Amino acid sequence: ALIEYTQQLCEQEGVAVEPGVLPLVVRAGGGSVRDTLSILDQLIAGSEGARVTAERAAGLLGFTSVELLDEVVTALAAGDAAAAFHATDRVVQPGQDPRRFVEDLLERLRDLIVISATSVDGAAAVFRGVPEAQLQRMFEQTRGFARGELSRIADTVSGALDRMTGATSPRLH
């Protein structure tokens, strides 16, 4: 409901938002209407012209880019440790919060588990506001994992996230 409401507001105000922006805004707002509207207002103010791009929204809100998450998931599916370490290094080098990255990765894994249990159309009903191309890409990613493997990886990532709390060097985790 909040995604639809923010979409209405953007249309009324003449602000174009790329697909995928409003789910990020609602997620950053933590379910609070007031916080969501405040975040949306800040994104609009920080954008060039009357268009809010998904890449800019992810960057301003501190979320990991979809491309980087895709890269990590592909590396995990292929069992390519070097590619996975290279991708995580791209998180740390520019100063992005490693904990935020692990939270975003865990959420992506959860999304992949849901998508693997359904179809692209079924997932579209669950993940409203996520672009169809991204859902299709995620559906294809699920095919790179054996049955139950996504859950096992998600458990490992969740454990790492728990150990990162209060850690002096979250990069090590």
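This is a tour of helix packing, salt bridges and one single residue in a predicted model.

**Stop 1: helices H1 and H2**

Select residues 2-13, which form helix H1, and residues 21-29, which form helix H2. Their axes come within 9 Å and cross at roughly 120°. That angle makes H1 oblique to H2. The crossing of H1 past H2 is right-handed. To see the contact, show side chains for Leu 2, Ile 3, Thr 6, Gln 7 and Cys 10 on H1, then for Leu 22, Pro 23 and Val 26 on H2. Colour them by class and the contact of H1 with H2 shows 6 nonpolar residues, 2 polar ones and no charged ones.

**Stop 2: helices H2 and H3**

Keep H2 on screen and add helix H3, residues 33-45. The H2 and H3 axes are 8 Å apart, and the helices pack at an angle of about 130°. H2 is therefore oblique to H3. H2 passes H3 in a right-handed crossing. From H2, select Val 21, Leu 22, Val 25, Val 26, Ala 28 and Gly 29; from H3, select Asp 35, Thr 36, Ile 39, Leu 40 and Leu 43. These two sets meet in the contact. By class, the contact of H2 with H3 has 8 nonpolar residues, 2 polar and 1 charged. Leu 22 and Val 26 can stay highlighted from the previous stop, as they are among the H2 residues that touch H1 and also among those that meet H3.

**Stop 3: a salt bridge between H5 and H7**

How many salt bridges does the model hold? The count is 13. For one of them, select Asp 70 and Arg 108, whose closest N and O atoms are 2.7 Å apart. Asp 70 lies in helix H5 (residues 66-78) and Arg 108 in helix H7 (residues 98-116), so the salt bridge ties together parts that are 38 residues apart in sequence. Are Asp 70 and Arg 108 buried or exposed? Both residues are buried.

**Stop 4: salt bridges within H7**

Stay on H7 and select Arg 99, Arg 100 and Glu 103. The side chains of Glu 103 and Arg 99 meet in a salt bridge, at 3.5 Å from N to O. These two residues are 4 apart in helix H7, so about one helical turn separates them. Glu 103 also forms a salt bridge with Arg 100, with the closest N and O atoms 3.4 Å apart. Arg 100 and Glu 103 are 3 residues apart in H7, about one turn of the helix.

Switch to a surface view for Glu 103 and Arg 99. Glu 103 is partly exposed, with a relative accessible area of 26%. Arg 99 is partly exposed too, at 27% relative accessibility.

Now extend the selection to Arg 27, Asp 104 and Glu 107. Together with Arg 99, Arg 100 and Glu 103, these residues are linked in a network of salt bridges.

**Stop 5: Ala 77**

Go back to H5 and select Ala 77, which is found in this helix. Ala 77 counts as partly exposed, at 27% relative accessibility. Which residues does Ala 77 contact, leaving aside its neighbours within four places in sequence? They are Gly 144 and Phe 145. As a last step, draw a distance from the C-alpha of Ala 77 to that of Val 120: the two are 19 Å apart in space and 43 residues apart in sequence.

How values were computed:
Residues are numbered from 1 along each chain as its sequence is written. This is a predicted model: local features need pLDDT of at least 70, side-chain atom pairs count only at pLDDT 80 or more; totals for chains, interfaces and linings use all residues. Side-chain values use heavy atoms; hydrogens and water are left out. A salt bridge is a side-chain nitrogen of Lys or Arg within 4 Å of a carboxyl oxygen of Asp or Glu. Buried means under 20% relative accessible area, exposed over 50%, partly exposed in between (1.4 Å probe, protein chains only). Axes are lines fitted to C-alpha atoms, for helices over the stretch in contact, and angles run from 0 to 180 degrees between N-to-C directions. Angles under 35 degrees count as roughly parallel, over 145 as roughly antiparallel, 65 to 115 as roughly perpendicular and the rest as oblique. A crossing is left-handed if the near helix is turned anticlockwise from the far one by less than a right angle, and right-handed if clockwise. Contact means heavy atoms within 4.5 Å. Ala, Val, Leu, Ile, Met, Phe, Trp, Tyr, Cys and Pro count as nonpolar, Asp, Glu, Lys and Arg as charged, and the others, Gly among them, as polar.
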